[in-house]
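Trainee: I have a structure to go through and would like the reasoning behind the terms used for it. Can we take it term by term?

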4 protein chains.
Amino acid sequence: MIHRYQPTKYYHTYGPNPPALHIKPGDIIITSTVDAGGYDHEGNQITPEMRQSNPDTVYSPSNPLTGPFHVEGAEPGDTLTVEIQRITLTRPTAWSRNASNFGGLTEEAPGRRLLYNDPIPSQRYEWSLDRENNTATTTLPGSKQKNPVIPLHPFIGSIGVAPRYGRVEMSLTPGEYGGNMDFPGVSEGSTLHLPVSWRGALLVFGDVHAAQGDGELCGVALETSAEIQLKLDLIKEQIEWPRVINDDWIMVAGSSRPLMEAYKIAHVEMVKWLTTEYGYDKWDALQLLSQVGRCKIANTVDPNYTVVAKFPRKYLPQ
Amino acid sequence: MIHRYQPTKYYHTYGPNPPALHIKPGDIIITSTVDAGGYDHEGNQITPEMRQSNPDTVYSPSNPLTGPFHVEGAEPGDTLTVEIQRITLTRPTAWSRNASNFGGLTEEAPGRRLLYNDPIPSQRYEWSLDRENNTATTTLPGSKQKNPVIPLHPFIGSIGVAPRYGRVEMSLTPGEYGGNMDFPGVSEGSTLHLPVSWRGALLVFGDVHAAQGDGELCGVALETSAEIQLKLDLIKEQIEWPRVINDDWIMVAGSSRPLMEAYKIAHVEMVKWLTTEYGYDKWDALQLLSQVGRCKIANTVDPNYTVVAKFPRKYLPQ
Amino acid sequence: MIHRYQPTKYYHTYGPNPPALHIKPGDIIITSTVDAGGYDHEGNQITPEMRQSNPDTVYSPSNPLTGPFHVEGAEPGDTLTVEIQRITLTRPTAWSRNASNFGGLTEEAPGRRLLYNDPIPSQRYEWSLDRENNTATTTLPGSKQKNPVIPLHPFIGSIGVAPRYGRVEMSLTPGEYGGNMDFPGVSEGSTLHLPVSWRGALLVFGDVHAAQGDGELCGVALETSAEIQLKLDLIKEQIEWPRVINDDWIMVAGSSRPLMEAYKIAHVEMVKWLTTEYGYDKWDALQLLSQVGRCKIANTVDPNYTVVAKFPRKYLPQ
Amino acid sequence: MIHRYQPTKYYHTYGPNPPALHIKPGDIIITSTVDAGGYDHEGNQITPEMRQSNPDTVYSPSNPLTGPFHVEGAEPGDTLTVEIQRITLTRPTAWSRNASNFGGLTEEAPGRRLLYNDPIPSQRYEWSLDRENNTATTTLPGSKQKNPVIPLHPFIGSIGVAPRYGRVEMSLTPGEYGGNMDFPGVSEGSTLHLPVSWRGALLVFGDVHAAQGDGELCGVALETSAEIQLKLDLIKEQIEWPRVINDDWIMVAGSSRPLMEAYKIAHVEMVKWLTTEYGYDKWDALQLLSQVGRCKIANTVDPNYTVVAKFPRKYLPQ
């Protein structure tokens, strides 16, 4: 069954919020997301009333999330599978910015300043999206190289279920429930597995990026709106951390701080996965992963950093 | 001019050791390296007398290095360029191992134990190299998947000049001088740039890997012997950290601990490079790098970790 | 003017919540706090209705906070001073526990497991408080040393204003606004300075500890209820991070991850303080602080870690 | 038996160097140390010929070490005990400095720059020592507070045995063998325990500090020369990390990077110590240590950082 859902309100938290829709395992959702700043396909910003949390903050919180979607029969200990069937960008522009108090080159404290010197100048970049040719370009005002044309690679920056350890109040935070992983592998054709901690799973998502480099260095990608088609289903088995599967790779996303901790989580989970599902001995898995594994730093800017361990599917049994 | 050099002794330090050979800028060296354990193309281990440092240690130190090569005219503040013209594997085997007290899943203290539980079992893996078909395979004794066939990608694991801050006594350590970066990008067809700190530069190298995953998770790659052909030259300009250039990318390797520090070093240096050489404004460079940059974790096991920032050459001026 | 306030509801967030009381600068508050688990002076737990946030979480959130107290005239950019005139423990017991998924010996990911082995056994410890003799004791069930008698040192574990970067939804988190710093220096006779970010400052506090070691290693101190008397005032100057002053020391509390970042924040702020207020040259301040400074690790268990830089008052001008 | 030894050469490495003296367990050594820069009690610097390592470095390596002392009967797996009977400062001056590329406020890469801005100005401070009154003073050239008078607390900055994992070539590095821990607790009246890894233990020491703040923030303490009297003995049991015992505390020094790792090592070892020697149950030990433990950051500047876990002796069985 296909559900079309037009959001009229958005959440900024991962948690047990009232469901927007109840669906059955195997159902498909077609819906839309606004960008990280709350701008929709016409460039209009959602109103404060549409934001379902932090109504009294003085600033506009980031990453409004569409949902939650309650999947019938999903129980704590299950795994929610999210097949990403389609991500269609719904406007011809995206924005990005360098931020004075954000990004992977600042210190890591709340507020993320540069501890010893002048802040990075805040500067907004408007990117034009050529959806026909799958490219984007912008003007670099201070540079001789004015208009780089870069490839589009749309993906869902923030997607997660209600977390095990209670509500996570900032949609900026990734964790064992998914969340703001900012991982480009969460794109059309991939399937994401998330550990269910609340009845109904309560999936939310948003923050589509039209393109992004590894680590999201300056803290902001090409932020834009999208229409998204997902097929949700359940596996009656338990996983610990988000998994992503595409044609070529199986992947685990670990999110924590410091960065090395996220690296360890992802790789320990990958060894477990190879051992429990694919017939590898634990220590053989470590050896083979050490020789053929690839590793992505997804983000170094969020309250937790995300590192992805990748293992080629060609070494899995058929 | 082409120099053929057959090493009779090996160093385990980066530093101002007596040169094995004096060459001129533009000259080519053809020489050989033994593997990380000191085994040559016939599988014979070098003798203790051939090791030029730590003669009184009870164990065999890792990563014997061929050289040093003294480049005439190289002065502190210059940049040494190393064109990697050829890496030929010289035997049909490589070895690897899981190590009880090593690798990216252990704690990070000296000795690298698992702090709370039983150590990872030490286990050696013999890999057969099919140099015709450019593949390797091994037996995974505990697994149902017995014999994975993986692609070869030979590269130089350890390569560096005499360092700025004095001798680095363990060839296992990477730093601003290069060293044991364990970065697969240092392969045939790439050119490595290193900052010269001592008269003559004093290049040493060894520790060729036939293949390796990102991060070198278990701490050991496919260790083997090789014949290597390098062309050395000088640029009369100063760089701060190793740079690697190949057909598609310009890259900077930062080495430090914790892991996030290596990430920052590599990206700060890349922003500087784009600014000083390629006409980008500093903050435009940060924005574009954030959207098109790629990032590699080269190693998480050495005394310093290595992270590589990558920028596509197609966005550079011709 | 002295205000007596008996709380009927508690918050679990630092943020712009509706004030419990409006007071004037120079006024004194006498009020009570429940313990980290929500237990009051009679050992009764507060009801779910009394908790003002996260009503739909399945677990009892930690660290209920008394307040907020709105200080008239407090504007963003001001400094709130909190003179801690009295902390009276209001029951003869405290509890603590070792927690399976918490504390400074676990990995640092959300949920804080031990990554490679069996979790720390969860175990509760009941501590008896001898308020006459200022000591506490408990039974150590597995040990030959059964009943250690330890000194009491009551302090406020969680105390903060509404934060600069929006609401912080977990009262477990410390930051530039104060919060759950778990710093034993916030005790009777000390004065705490906090940076005001919202009109009225909106001070909340709770989570009194009867005693605690450095770092709060297992994640839980001697948790108990208290009556607290505070005098609040304003300084029309801006500070960046919490400061604590007592008879012997001036102190700065930095909170972040990784631990080294908290250390740097605290010490950079201390150098600034010595420079701007006490006539020290910046680099002289660095030198003197390096020789006479003391440093405390307050906590290694919260979402941010807290490190305190201390400078002896005897080296300040009179 | 008492041995008086006047050093004529100094080492800059921890490792299996030729012994300066063979002694028996229970013997006493009276000898002298030069300061971190190699200056003796008359202010004369040792000659390059007296330095037993790195003869070809262009700079003067830090922390020349007196010794090694070979203790008869010391075997790998034993514990060397070092009773610090006396530390007498042998000249009326000490020096310190702020260093451009060193210290706890710089980035953590080799060379330790400030990544984003101008370096800390290098500046030398001459401290006068009043050994009668046990104080020191210096001139702070840029400050209104000109001449702080601070207390002396002499201790041995660098002291270690030959390490388990081979030679450590920089006397600046602390580890499981002791080394440059820069821990003020290694002072007169304390006993240091070190794990023996080589026959004879091969103790070296030097780098006495007349005073130092926690963490050695700027990277340099009050560096001076000393006469030292030590009593060495053996325990036929194995320890993993350095332990220090004084009248009030038992202490463990963990050295690693990142800082949190050093914290964990020290505390895990302390829990083990309380369990194996003092009759505590493992988890009871964790609970009690969490409530009464104290923790010191000894250094944040060396290639490994050192954190010390402290447990009060009054809770140990008599």
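Trainee: Is the crossing of H1(A) and H2(A) left-handed or right-handed?

Mentor: This is a predicted model, and in it the crossing of H1(A) and H2(A) is right-handed.

Trainee: Why are H1(A) and H2(A) called oblique to each other?

Mentor: Helix H1 (residues 259-278) of chain A and helix H2 (residues 282-292) of chain A pack at about 120°, their axes being 9 Å apart. Roughly perpendicular covers 65 to 115 degrees and roughly antiparallel needs over 145. The angle fits neither class, and the two helices are therefore oblique.

Trainee: What makes up the contact of H1(A) with H2(A)?

Mentor: H1(A) supplies A:His267, A:Met270, A:Val271, A:Leu274 and A:Thr275. From H2(A) come A:Lys282, A:Ala285, A:Leu286 and A:Leu289. Sorted by class, the residues are six nonpolar, two polar and one charged.

Trainee: Which domains is chain A divided into?

Mentor: Domain 1 takes in 7-89 + 155-179 + 197-235, and domain 2 is 243-315. Their centres, taken over C-alpha atoms, are separated by 23 Å. Nine residues from domain 1 of chain A and 10 residues from domain 2 of chain A form the contact. On the domain 1 side, three are nonpolar, four polar and two charged.

Trainee: Why are chains C and D said to be related as by a two-fold rotation axis?

Mentor: A turn of 180° with a shift of 0.0 Å along the axis lays chain D on chain C, with an RMSD of 0.0 Å. The copies are thus related as by a two-fold rotation axis. In chain D, the C-alpha of D:Leu259 is nearest the axis, 3.1 Å from it.

Trainee: How do you know that the same surface serves both copies?

Mentor: Of the contact residues of chain D, 100% recur in chain C.

Definitions and conventions:
Residues numbered from 1 in each chain as written. Chains lettered and ligands numbered in written order. Predicted model: local features only at pLDDT ≥ 70, side-chain atom pairs only at ≥ 80, totals over all residues. Domains from an automatic or database assignment. Contact = placed C-beta atoms within 7 Å. Nonpolar A, V, L, I, M, F, W, Y, C, P; charged D, E, K, R; others polar. Axes fitted to C-alpha atoms, helices over the stretch in contact; angles between N-to-C directions. Helix = DSSP H or I, 4+ residues; strand = E, 2+ residues; numbered from the N terminus. Parallel < 35°, antiparallel > 145°, perpendicular 65-115°, else oblique. Left-handed = near helix turned anticlockwise from the far one by under 90°. Least-squares fit on C-alpha atoms with pLDDT ≥ 70 in both.
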